[in-house]
Structure formats: C-alpha cells, structure tokens
Amino acid sequence: MLEIKNVSKTFYPGTINAKTALDNVSLTLNEGDFVTVIGGNGAGKSTLMNAIAGTFAVDQGSICIDGRNITRLPAYRRAAFISRVFQDPMMGTAPTMQIDENLALAARRGSFHGFKWGITKAEKEQYYEELKKLQLGLETRMTSKVGLLSGGQRQALTLLMAALKKPQLLLLDEHTAALDPRTAMKVLTLSQQIVEEHHLTTLMITHNMKDAIAYGNRLIMMDNGHIVLDISGAEKKQLTVSDLLKRFAMVSGEEEVSDRLLLSH
Amino acid sequence: MNFFASLLNSLPSASAQGMIWGIMAIGVYLTYRILDVADLTVDGSLATGAAVCVMLIKGGMDTGLAMVCAFMAGMLAGAVTGLFHTRCRIPAILSGILTQLMLYSINLRIMSNKANTPISVDKYPLLVSSRYVRVVGWNNPLIVLALFVALLIVALYWFFGTERGCSIRATGANRHMAQAQGINTDVNVVLGLMLSNGLVALSGALLGQYSGSADVNMGRGAIVIGLAAVIIGEVLLDKLFRAFALKLLAVIIGAILYYLVLQAVLLLGLNSNDLKLMTALVVAIFLTVPNLKGHLLKPRAKGKEA
C-alpha cells in the first residue's frame, strides 16, 4: 500500500546545524494497517510524516502509494489520496469559514474547483448526519465559524473532514497532544471509530506509550532517524510499557534514552 | 448653520466618490481580509485602470468595452504581483511595491508619456461624470454607481460561493488547511490578486471618467484609503452585517463615510495638504487597537509559523 524505500532527509545540510532527521528509512504499510509511531523528540517521527505528506522534498529514496510513485508530487496533489490531522488544532480547519463550508472543502479534497456552487443542499443534510455522530452538538451549529470551536471540537471536525472523502492513507500527527487528557481520550476513541468504520490505512504518531500499545495493529519506534522497532500482530497485543522501554534500551544501546522517552510523554 | 448647509451641499459628490473608491476598497478587502495578503499594487493599478479606459475611449472604443479592458489590465498587474510572490518567493508587500513602481512607467507609456490626460463628457459618452451629480435623471452618477455597485456585489457573492471562490477563501483563512485539502494555494493567491487588482482598475476607470481625467498620480495612497474604508465599515457594521454580501456593502458604506468625514474636516478648515497624514494616522490607530487588545489578553503571543 504505502512503500517507503531508503528515504533520507537532512535539514540545514553543510552547516553546523546539519541534522539528519531521516537516515535511509524504509517502511511498508499493508492495506488496512493501523500503525502507531513512537520515539523521543527529534527521533524523526514528524519528519517521516511530513515526507509522506510532501511538506518538503526528500534528499533520496522513494515513496509510493498503491504502486504510484509520489516522491516528486507537491503536497497539495498528494492530498488527493492522503488526508492528515495536525498536532495544532488551528492547522486543520479554516477558522473564518463555517463548519459546513469546511466539510464541503474536505468533500472536494483533491478534485478540481470550478464554478459549481461550493456546497449543495444534499451535502448539508449529509453533514448534519455525520456531525450528529460526533455527539458534540456541532450539527446544530453548522453555519457557525470554526474559529468559535474549542480545540477538541476542531480536532474532531478535522478527523471527520479527513475521512469524508475516503483517503488511501490517513496521517495522524500527534493530533491529541495539544488537548486536555479527557478531550484527548475522546478524540482518540473517535479516531479509532473512524479508522475502523472506513477501514483506513493509518499512521499515527503519539507521545503516549500506552496509547501506542492500545491502538492499532502495529507499532514502530523511531530513534535518531531510524526505525528501531517494528512490532505487530500477537506480539504487539502482549506488549507492556516496561517491555517497550527494555527493548528500546536494547536496540539503541543506551540506558538513559529510556528516561528521555519516558519524560517526553 | 453654514457648515451643515455646505456639508449637505457636498453630500452627492462625496457619495459618488465614496462609491467609486468603495469599489477599490472592495479590491483591498479581497486581498487584505480574504486572501490575507497585503497588496500594494493598488496604488499603481488604480491609475492603470484610469489610463487604459480614458485612452481607449479617446481612441474611439465603446465605453463599456474600454472598462472591460481596464479591468483586464488590472488583472494583469495583479498577476505580475502574484507571480513575484508565489514563483519568485518575494514577500507580498515587496512584490506589490515592485509592480506598483513598474506601473508608474507603464501608466505614463499608456498615456503617451503624459502625466495627465483629460477627457470631456461633452465629446465622449462617459458612463459617469461629476457634471451630472446634481441632475435628476438616469445619467446621474449616483444612480449609475449604485446600480453598478449592486451588480458587482451580486457577482462577487456568486463567485465566492462557488467551489473556486470557497477554495480562495480557504487559502486566505489557513494555507495549511487549504493545501491539506488538495488546493493549489499559489494559483489561488495569483487569482485573488488578479481579481482584486481588476476591481481596483475598474474603480480607476470610473474615477477617470467621473473626474474627467486620468492622472499618473491618482492612485497615490489608494491602499490607505482602501484600508480606511474597510476598517470604518468593519468598526461600524461588523456586528450588524454578517453575510458576505453585506460585508462588501459595509466596505462601500465605509468608503462613503470616509469621503463625508473628509468633506467635513475640510469644511472645518483642515489644510487639504495634511489629508494624507491624517488618513494614515487614523488607519494606523485603528490597526493598532485590536493588536493592543490581543496583547493585554494574551501576555505571550503564539509562536510564528514555521
């Protein structure tokens, strides 16, 4: 499904600040995989996600989705088959536009924008039903500006938008990190519901090891630009946080790194 | 009282000028508020519109067609700014300044190297003229302009309701979101700048006809007048006017009020040479107030975008 081959990315190459964020990373996702990604700050998690989404060009390697090479495709064109929820709740929605207008844009993700009316009556009815499922009362505020919503409501809306036109790949970039624990929990549950309902192939970065274990069918851990752990299936089901820490110390060969990981969540 | 009599006397011409500048201000509103790009091209494209329109009418072209040409000339100017900004990655403000400076030379060229080209309503079939501002009839510029503005607002309301219009609004509201929804934001920024400068040039075309001449300096400070109109409209009517079409109407009303206030302070004895200083100061104050509020509420500003 998603095939990443030997991808590398160095920021500020040739300067004293040079930082190799991805070092020859290869990763293959199967159809329907729900992969959680963990790792300390600067491990390369977000860089991996940005490389897939096309935020920047990678230095080397290739990225393919369903056999199509998208390595050189700009971000807005990849959006036709990749949808994304950002860490910052401000980033995923247009605050000065209405809730239904935001959804209408998401429904047209990756298609040509012509001179047809931007939102139809039938769509509004569909959005009403979809919003109702979120159980946040947003269906009664469809013409409110998204800027008036709370961070949690916005992330829930962004999730709905991400799945409105079924993407081949869903990227969740620490999308609950900026929320309070209770809201984070709700948004996370909602994420799982949406992923299961639409059978979405998903890559989710999280800082929370428990979440990384609890969600998805596969877990990868990154460190220093490498994928150092890749656990799936039955093995993942039996995983505990202390297992994860032990194995991390083993593969990275550093004892103190586990503190860094622990502290960061 | 003499002052009020004079003010009342200047009401028709202030309204007419306000409506013409209001169209320019709608252009500013599109970039400044909807696209979130500060575009200084307008100081040049206003005169471009007037120059193109006046020269073409004098050359024998139909008035309506000449105005369409003026609109397209403005779109071209906007496209240049847009390409400077999106393709050459020059900051928007600088892109606008570069185009504006280029337009100064181009406008002189359009007017055969003359800084001012008069056009008389006696000889040419102009759409609006200040001469008829007190005439009761269909050639009264107030009626013509009111219809013109109404049509324009309807057209813009339609455009920004379409898929393309929505995607331009999203581009201005949140580029990250727009790109994540598969929108080519560069194309939309160029389109927005083209539309905006097309309207500004159209306003210039009307202004040239209304005042009876195209002048290479007529657009100086236009951006500030446009901002003043946008801000006056927002301050007074933001709570009342929520729909998009009404927000555009608020800009027009803001421009008319700007010209009324202008007349009032001139009648009160302000030296007209000080006008630009006053206008700029008033705009600066109005732009500062919301920022001050933000500072007081949130002690630490949010981090800059990467």
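Trainee: How many helices and how many strands does chain A have?

Mentor: This is a predicted model. Chain A mixes both kinds of element. The count is ten helices and ten strands.

Trainee: Why is chain A called as compact as a globular protein of its length?

Mentor: Chain A has 265 residues, and for that length the globule rule gives 18 Å. The radius of gyration of chain A is close to that, so the chain is as compact as a globular protein of that length. The radius of gyration is 19 Å.

Trainee: What percentage of the residues in chain A is buried?

Mentor: A residue is buried if 20 or more other C-beta atoms lie within 10 Å of its own. Chain A has 265 residues. The buried share is 43%.

Trainee: Which helix gives the most to the side of chain B that touches chain A?

Mentor: The contact takes 20 residues from chain B and 26 residues from chain A. On the chain B side, α6 (163-173) and α7 (175-180) each supply at least two residues. The top contributor gives eight residues, and that is α6(B).

Trainee: Which helix supplies the largest share of the largest nonpolar core?

Mentor: That core has 86 residues. Those with the most contacts inside it include B:Ala25 and B:Val251. Several helices of chain B each supply at least two residues, among them α1 (2-35) and α10 (244-267). The largest share, 15 residues, comes from α1(B).

Trainee: How many residues does the other core have?

Mentor: This core lies apart from the largest one. Among its residues are A:Ala43, A:Ile63, A:Leu169 and A:Phe248. Its total is 81 residues.

Conventions
Residues numbered from 1 in each chain as written. Chains lettered and ligands numbered in written order. Predicted model: local features only at pLDDT ≥ 70, side-chain atom pairs only at ≥ 80, totals over all residues. Helix = DSSP H or I, 4+ residues; strand = E, 2+ residues; numbered from the N terminus. Rg over C-alpha atoms; globule rule 2.2 N^0.38 Å. Buried ≥ 20, exposed ≤ 12 C-beta atoms within 10 Å, placed from the backbone. Contact = placed C-beta atoms within 7 Å. Core = buried A, V, L, I, M, F, W, Y, C linked by C-beta atoms within 7 Å.
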